[in-house]
Amino acid sequence: MAKIHFFYSTMNAGKSTALLQSNHNYIENGMETILFIPKADADKNDGYIESRIGLRAKAIIVDNDFNFYTYVKANVSKNLQCILIDEVQFLNKSQVIQIGKITDKFNIPAMCYGIRTDFRGELFEGSKYLLALADNLIELKTVCSMCSRKATMVVRLDNNGKVLTEGEKIQIGGNETYQVVCRKHFRSLTKLI
Ligand SMILES: [Zn+2]
């Protein structure tokens with residue numbers, strides 16, 4: 001039976017690279033895949049999923065009204081062996097449920113890659129429901145930028161390096177930057193937990 005695999009991490013843990021390498025393995029073996037990317041992230045790369053090591057692949061851009069189940073049902077083929085979704089934190093609850101239906105009804109595995117928590121330490125909606133519904137949870141690890149512990153959190157900084165604890169979940173075109181940290185440093189920087 002096909003499974004939902006949720007690869008979760010904080011930022012800069014090589015998620016897109018892992019997705020593109022998995023995709024490459026399918027293609028190399030003559031199998032078909034479909035790649036998806038949420039609109040919130042797609043605009044900056046013109047619908048391509050790109051990795052810092054130079055791999056890239058075209059993805060279907062999805063907004064909040066996009067129905068994964070309907071789309072895959074219309075495009076399913078014998079040779080379709082996997083769907084891969086980047087930045088799954090931006091999906092909503094219904095879309096995660098649609099992914100489950102695809103996996104169960106068409107026996108097609110879903111490889112989902114995303115960030116677990118936002119800059120306030122709260123679960124993203126897509127990640128929340130994938131943590132609940134995925135068969136397989138895989139953590140992609142990275143190291144805290146301030147010590148040698150595992151980074152599990154992210155802080156948002158303004159352009160003066162000041163830590164931000166309020167604001168929109170998704171900033172597009174802002175001057176903010178992000179820093180990955182362990183829980184202890186998240187606590188000392190944000191005072192949120
Ligand atoms: Zn730390």
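**Exercise 1. Pairing around strand S9**

Leu157 stands opposite Thr177 in S11. The model is predicted; local features require pLDDT of at least 70, side-chain atom pairs count only at pLDDT 80 or more, and totals for chains, interfaces and linings use all residues. Residues are numbered from 1 along each chain as its sequence is written.

Task: determine which strands pair with S9 and in which sense, parallel or antiparallel.

Solution.
- Step 1. Strands are DSSP runs of E with at least two residues, helices are runs of H or I with at least four residues, and both are numbered from the N terminus. Two strands pair if DSSP finds at least two bridges between them.
- Step 2. Strand S9 (153-157) is joined to strand S11 (residues 177-181) by five bridges, and the two run antiparallel.
- Step 3. S9 also pairs with strand S10 (residues 163-164), over two bridges and in the antiparallel sense. Here the bridge partner of Leu157 is Val163 in S10.
- Step 4. S9 and S10 form a hairpin with five residues between them, and Gly161 in the turn has a positive phi of about 85°.
- Step 5. Four of the five residues of S9 are buried, so the strand is mostly covered; buried means that 20 or more other C-beta atoms lie within 10 Å of the residue's own, exposed means 12 or fewer, partly exposed lies in between, and C-beta atoms are placed from the backbone.

**Exercise 2. The six-stranded sheet**

Task: state in what order the strands of the open sheet lie and which of them stand at the edges.

Solution.
- Step 1. Six strands form the open sheet in the order S5-S2-S6-S7-S1-S8, with parallel pairing.
- Step 2. Strand S5 (60-62) and S8 stand at the edges; each has a single partner strand, so one side of each is left without a neighbour in the sheet.
- Step 3. From one strand to the next, the twist averages 20°. For such angles, axes are lines fitted to C-alpha atoms, for helices over the stretch in contact, and angles run from 0 to 180 degrees between N-to-C directions.
- Step 4. S6 and S7 run parallel and are joined by three bridges. The bridge partner of Leu84 in S7 is Met111.
- Step 5. H4 packs on the sheet and touches S1, S6 and S7, its direction making about 155° with that of S7.

**Exercise 3. The nonpolar cores**

Task: identify which residues of the largest nonpolar core touch the most other members, and which elements supply the core.

Solution.
- Step 1. A nonpolar core is a set of buried Ala, Val, Leu, Ile, Met, Phe, Trp, Tyr and Cys residues joined through C-beta atoms within 7 Å.
- Step 2. The largest core has 33 residues, of which Leu35, Phe36, Ile83, Ile85, Ala110 and Cys112 touch the most other members.
- Step 3. Among the elements that each supply at least two residues of this core are strand S1 (4-9), helix H1 (15-28), strand S6 (80-85) and helix H4 (93-106).
- Step 4. Two residues are in contact if their C-beta atoms, placed from the backbone, lie within 7 Å. Leaving aside neighbours within four places in sequence, Ile83 is in contact with Thr33, Ile34, Phe36, Val72, Ile102, Ile108 and Ala110.
- Step 5. A second, separate core of ten residues includes Phe119, Ala151, Met153 and Phe186.
- Step 6. In H5, Gly126, Ser127, Tyr129 and Leu130 are buried; the cover over the buried residues of H5 includes S1, H4 and S7.

**Exercise 4. Two residues with positive phi**

Task: decide whether Asn12 and Glu87 are buried or partly exposed.

Solution.
- Step 1. Most residues other than glycine have a negative phi.
- Step 2. Asn12, which is not a glycine, has a positive phi of about 60° and lies in the loop between S1 and H1. Asn12 counts as partly exposed because it has 15 C-beta neighbours inside 10 Å.
- Step 3. Glu87, likewise not a glycine, has a positive phi of about 50° and lies in the loop between S6 and H4. Glu87 is buried, because 25 other C-beta atoms lie within 10 Å.

**Exercise 5. The two domains and Lys150**

Task: find how many residues of each domain are in contact with the other, and where Lys150 lies.

Solution.
- Step 1. The domain assignment, an automatic or database one, gives domain 1 (4-139) and domain 2 (153-190).
- Step 2. Their centres, taken over C-alpha atoms, are separated by 24 Å.
- Step 3. Nine residues of domain 1 are in contact with twelve residues of domain 2.
- Step 4. Lys150 lies in the loop between strand S8 (136-139) and strand S9. Lys150 counts as partly exposed because it has 14 C-beta neighbours inside 10 Å.
- Step 5. Leaving aside neighbours within four places in sequence, Lys150 is in contact with Lys141, Val143, Cys144 and Cys182.
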